[in-house]
Amino acid sequence: MNNHTPVSHAMDLGRALKDRGWMVACAESCTGGLLAGALTNEPGSSAWFERGYITYSNLAKVEELRVSVDTLERFGAVSEETAMEMAAGVLEAATRVELAISTTGIAGPDGATPGKPVGLVCFGFAQRTGDGIVTRAATRIFTGDRNQIRTQAVEFALVTALAILNPA
């Protein structure tokens, strides 16, 4: 039985980062700071959490994270392409960070468009390697109200980041 919570996942991720001597940073849209909040809720998180960006608007994504206007126009803010550019943008800006996590989605209750329902969240994960920045993305559709969707998104981001650090 898995009775983990976002708080315990943040603690596990923090331990894995600290063991490697790595720093993490995040870029958030739909979660609006909840991911950074979960990470920094952990005592001693300054040893492994470097910074967070809340880039809610498209302009913020472009100005702060260098997300391409072309990407936003072609794929939309809620897309794996945008999520990966957000995460890569964090690593470009934060030179001491080895792992970046991004979230962009539709938490509701409004904002759905054809093909992009409420609950759709795209995640980006960027890792600094000897070959440069490697990105990957994931998409999930969560159910519930706005707060439930955002909480599930934070939990998924933490669990996935931990799985990237500790592949099975």
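Visitor: Which residues lie nearest the centre of the largest pocket?
Guide: This is a predicted model, in which local features need pLDDT of at least 70 and side-chain atom pairs pLDDT 80 or more, while totals for chains, interfaces and linings use all residues. Residues are numbered from 1 along each chain as its sequence is written, and side-chain values use heavy atoms, without hydrogens and water. A pocket is an open set of points on a 1 Å grid over the protein atoms alone, where a 1.4 Å probe fits, with protein on both sides within 12 Å along at least five of seven lines, and lining residues have an atom within 4 Å of a point. The largest pocket is lined by 17 residues, and those nearest its centre are Ser29, Val78, Gly105, Ile106 and Ala107.

Visitor: How many aromatic pairs does a search of the whole structure find?
Guide: Rings of Phe, Tyr and Trp (its six-membered ring) pair if their centres lie within 6.5 Å, and planes under 30 degrees apart count as stacked, over 60 as edge-to-face and the rest as tilted. By that rule, the search of the whole structure finds a number of aromatic pairs equal to three.

Visitor: What is the angle between the planes of Phe123 and Phe156?
Guide: Phe123 and Phe156 form a tilted aromatic pair, 4.7 Å from centre to centre, and the angle between their planes is 50°.
Phe123 lies in strand β4 (residues 120-129) and Phe156 in helix α6 (residues 146-165), so the pair ties together parts 33 residues apart in sequence; strands (E, at least two residues) and helices (H or I, at least four) are DSSP runs, numbered from the N terminus. The angle asked for is thus 50°.
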